[in-house]
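Colleague: Please walk me through this model, feature by feature. Start with the terms, then show me each case.

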Amino acid sequence: MFSLGVSTLPFVGLRPWEAAERIYGMGFRFWELIIDDELPPGEVDRVKDAVETLGLATSVHAPFSDLNIASLNPGIREISIEKVEKAVEAAAVLGAGPVTLHAGRSSPVGLFHPEKVRQTNIESLKRLVEFAGERGVELCVENSPRFPGVLASSIQEIEETLDAVPGLGLTLDIGHANTCGALRDFLRDLSGRIGHMHVHDNDGKEDRHLHLGAGAVDLRALGRFLKGFQKTVVIETHRVEDIEPSRETLEGLI
């Protein structure tokens with residue numbers, strides 16, 4: 001049986017320990033902390049105290065806003081890597097795992113050099129996996145939604161990325177997968193490589209993070225897969241009020 005948790009995505013405006021208390025109060029014992037910037041050491045300690053007091057297991061989502069680990073601009077790439085490393089360090093203090101990160105993307109210049117962008121992405125991921133491994137933290141790359149220039153959105157590209165970076169895990173985001181083809185194909189072809197999951201719904205066109213069951217995600221395929229899944233699953237909706245309907249849908253599937 002998988003462990004079910006909630007992302008802090010819909011709790012924008014709350015401090016991390018406040019979000020942890022809200023999630024605990026909803027009956028969950030697992031949460032995913034989105035670190036969209038560095039957490040000062042004092043805040044990391046406060047989060048640690050909160051989750052230890054509450055008994056919350058923790059996973060972490062590394063920063064992604066305005067960052068690009070595949071950037072052909074060395075300065076942008078280094079800042080992006082450093083931000084992920086800070087999230088890994090926080091996860092190590094919290095005893096959290098896995099840490100999910102986004103693959104890079106092509107910038108306007110990168111669109112003319114796609115192979116160089118892909119290789120830069122691989123090199124950055126290798127560096128980050130080594131950094132995380134030295135701190136005892138599992139690192140998982142998340143599949144991307146359908147969007148121009150993004151990497152790791154197709155099954156083939158995900159497999160090539162995982163093959164090229166030993167030790168890298170996969171966070172399968174079913175909403176993202178739903179914008180890129182049939183979810184059942186992702187679940188079938190990547191089943192042995194999925195270490196963590198994000199669940200939400202959409203119409204198959206836009207990455208809307210609706211409650212599970214409100215869109216076109218193949219719930220039958222998801223239910224079949226989850227019956228044998230024994231890792232972690234995170235509800236990642238945009239709205240707090242969509243968390244409980246998603247939990248109810250998941251419970252109905254299994």
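Modeller: Begin with contact: heavy atoms within 4.5 Å. Arg 135 touches Val 88, Glu 89 and Ala 92, leaving aside residues up to four places away in sequence. This is a predicted model: local features need pLDDT of at least 70, side-chain atom pairs count only at pLDDT 80 or more, and totals for chains, interfaces and linings use all residues. Residues are numbered from 1 along each chain as its sequence is written, and side-chain values use heavy atoms, with hydrogens and water left out.

Colleague: Where is Arg 135 found?

Modeller: First, the elements. Helices (H or I, at least four residues) and strands (E, at least two) are DSSP runs, numbered from the N terminus. Arg 135 sits in the loop between α4 (114-134) and β5. Its C-alpha atom is 6.3 Å from that of Ala 92, with the two positions 43 residues apart along the chain.

Colleague: Is Arg 135 buried, exposed or partly exposed?

Modeller: Buried means under 20% relative accessible area, exposed over 50%, and partly exposed in between (1.4 Å probe, protein chains only). Arg 135 has a relative accessible area of 33%, so it is partly exposed. Across the chain, buried residues make up 53% of the 254 residues.

Colleague: How does the radius of gyration of the chain fit a compact globule?

Modeller: The radius is taken over C-alpha atoms, and the globule rule is 2.2 Å times the number of residues to the power 0.38. For 254 residues, a compact globule would come near 18 Å; the chain has 17 Å, which agrees. Along the principal axes, the C-alpha atoms fill a box of roughly 50 × 45 × 30 Å. Look at sequence separation too. Of the contacts between residues at least 6 apart in sequence, 77% join residues at least 24 apart.

Colleague: Now the fold. How many helices and strands are there in the chain?

Modeller: The chain has nine helices and eight strands. To read the sheet, use the pairing rule: two strands pair if DSSP finds at least two bridges between them. Here eight strands form a closed barrel, β1-β2-β3-β4-β5-β6-β7-β8, with parallel pairing. The twist from one strand to the next averages 30°.

Colleague: Show me single pairs.

Modeller: Take β3 (residues 57-61) and β4 (residues 99-102). They pair in the parallel sense over two bridges. His 61 has Thr 100 of β4 as its bridge partner. Next, β5 and β6 pair in the parallel sense over three bridges. There, Glu 142 has Thr 171 of β6 as its bridge partner.

Colleague: How many residues of β6 are buried?

Modeller: Five of the five residues in β6 (residues 169-173) are buried. Read the two faces separately. Gly 169, Thr 171 and Asp 173 point one way, Leu 170 and Leu 172 the other way, and all are buried.

Colleague: How do I read a helix pair?

Modeller: Two packed helices are described by the angle between their axes and the distance between the axes. Axes are lines fitted to C-alpha atoms, for helices over the stretch in contact, and angles run from 0 to 180 degrees between N-to-C directions. Helix α2 (residues 41-54) and helix α3 (residues 74-94) pack at about 40°, with axes 9 Å apart. Val 44, Asp 45, Val 47 and Lys 48 of α2 meet Ala 90, Val 93 and Leu 94 of α3.

Colleague: What does α3 touch on the sheet?

Modeller: Helix α3 touches β2 (30-34), β3, β4 and β5 (139-142), and its direction makes about 170° with that of β4.

Colleague: Any backbone details to check?

Modeller: Check the peptide bond from Gly 97 to Pro 98: it is cis, with omega near -5°. Pro 98 lies in the loop between α3 and β4. Then look for positive phi outside glycine. Ala 152 has phi of about 65°, in the loop between β5 and α5 (155-164). Ala 152 counts as buried, at 3% relative accessibility. His 209 has phi near 55°, in the loop between β7 (194-199) and α8. His 209 is buried too, with a relative accessible area of 7%.

Colleague: And Leu 219, which residues does it touch?

Modeller: Leu 219 touches Leu 212, Gly 213, Thr 249 and Leu 253, not counting residues up to four places away in sequence. Leu 219 belongs to helix α8 (residues 219-226). Its relative accessible area is 23%, so Leu 219 is partly exposed.
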